[in-house]
Amino acid sequence: PEQINKVEPVVAEVICPGQSCAVITLADGKQVSLEENIQELEESDGTILRSESGTLVYKANLYNETAEVMYNTVTIPRGGEYCLELADGTKVWLNAETELRFPVNFSGKTRDVYLKGEAYFEVVKNPDMPFIVEVAAMEVKVLGTCFNINASRSDERIQTTLVSGKVEVSDRENARKVVLLPNQRAELKKGCLTVENVDAEEIIAWMQGKFYFESESLEEIATQLERWYDIHFFFSRESLKQEEFTGVIRRDYTANRILEIITKTTNVEFDIKGRTVTVY
């Protein structure tokens, strides 16, 4: 009889999902890691920063008479996310590999913040002091509304999706402006600003604990999974990047489970070695 050699399968390392974590850089340059445990910090102008259960809350010093504008920066690493409540009460949910620079206290005629990556905003209404988000060449101006900004795509598109209220989106380089209504998305790519109708709930699925993929290329899916699971994808053929997948998957699944789901409905397979995923 033919001799059959049994080969024990190699069990891939289980890659766990991201968790609540962030690093804040204070106005004096000091960096503090924000974990689940309770922390309380005080800025030089008397503003109190309280970190608890994945949320950082700013309590402004109402008696502050300092004219100097102090900026903090919150940085979210790969495999992380965090919620931030600014001094005016505006809430910001920050996705993995995202950075937000903002004033400790808002003063002047506008509330300006600076974003890299992806974030969801719930802006407190103040007609006398519009809220402005600058992200690369795009500027988003609001009075009080909920919207999502994504500047972390692999194809370098910048997208602003309006959930409620009204926002004005502008291309600062070409001075073109558009006003969005709920369930509309403005996209800026290579100097071209366009608007399309979308389902906003699908766009903000990430902050509700889900990945939502609608005919999404594996290249873009890989970009999102890389940020959330702190892994790296290697495509054995360039054409595999254009394979498409549609589905809704929970973000608290292990990466291994998500890749198994994608394998069942596409023509690709994944090989996991350490934190590198090879696509075949």
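T194 is found in strand β20; strands (E, at least two residues) and helices (H or I, at least four) are DSSP runs numbered from the N terminus. The model is predicted, so local features need pLDDT of at least 70 and side-chain atom pairs count only at pLDDT 80 or more, while totals for chains, interfaces and linings use all residues. Residues are numbered from 1 along each chain as its sequence is written, and side-chain values use heavy atoms, with hydrogens and water left out.

**Exercise 1. Describe the surroundings of T194.**

Step 1. Take the accessibility. T194 has a relative accessible area of 38% and is therefore partly exposed. The classes are buried for under 20%, exposed for over 50% and partly exposed in between, using a 1.4 Å probe and protein chains only.

Step 2. List the contacts, meaning heavy atoms within 4.5 Å. Leaving aside residues up to four places away in sequence, T194 touches R185, A186 and E187.

Step 3. Check a separation. I132 lies 62 residues from T194 along the chain, and their C-alpha atoms are 20 Å apart.

**Exercise 2. Find the partners of strand β19.**

Step 1. Strands of a sheet pair through backbone hydrogen bonds, either parallel or antiparallel. Two strands count as paired if DSSP finds at least two bridges between them.

Step 2. Strand β19 covers residues 184-189 and pairs with β20 (residues 192-197) in the antiparallel sense over six bridges. In this pairing E187 is opposite T194.

Step 3. Strand β16 (residues 158-164) is also antiparallel to β19, joined by four bridges. Here T160 faces A186.

Step 4. Look at the turn. Two residues separate β19 and β20 in a hairpin, and K190 in the turn has a positive phi of about 55°.

Step 5. Add the burial. Five of the six residues of β19 are buried.

**Exercise 3. Work out the layout of the sheet that contains β24.**

Step 1. Write the strand order. The sheet is open, has three strands in the order β22-β25-β24, and its pairing is mixed.

Step 2. Identify the edges. β22 (232-235) and β24 (270-273) each have a single partner strand, so one side of each lacks a neighbour in the sheet. From one strand to the next the twist averages 25°.

Step 3. Examine one pairing. β24 and β25 (residues 276-279) run antiparallel and are joined by four bridges. The bridge partner of I272 in β25 is V277.

Step 4. Place the helix. α3 (residues 255-265) lies across β22, β24 and β25 and runs at about 165° to β24. Axes are lines fitted to C-alpha atoms, for helices over the stretch in contact, and angles run from 0 to 180 degrees between N-to-C directions.

**Exercise 4. Characterise the lining of the largest pocket.**

Step 1. A pocket is an open set of points on a 1 Å grid over the protein atoms alone, where a 1.4 Å probe fits, with protein on both sides within 12 Å along at least five of seven lines; lining residues have an atom within 4 Å of a point.

Step 2. Count the lining. It has 24 residues, and those closest to the pocket centre are R153, R185, I203, Y212 and E216.

Step 3. Assign the residues to elements. β15 (146-150), α1 (200-203), β21 (210-217) and α2 (218-229) each supply at least two. The largest share, six residues, comes from β21.
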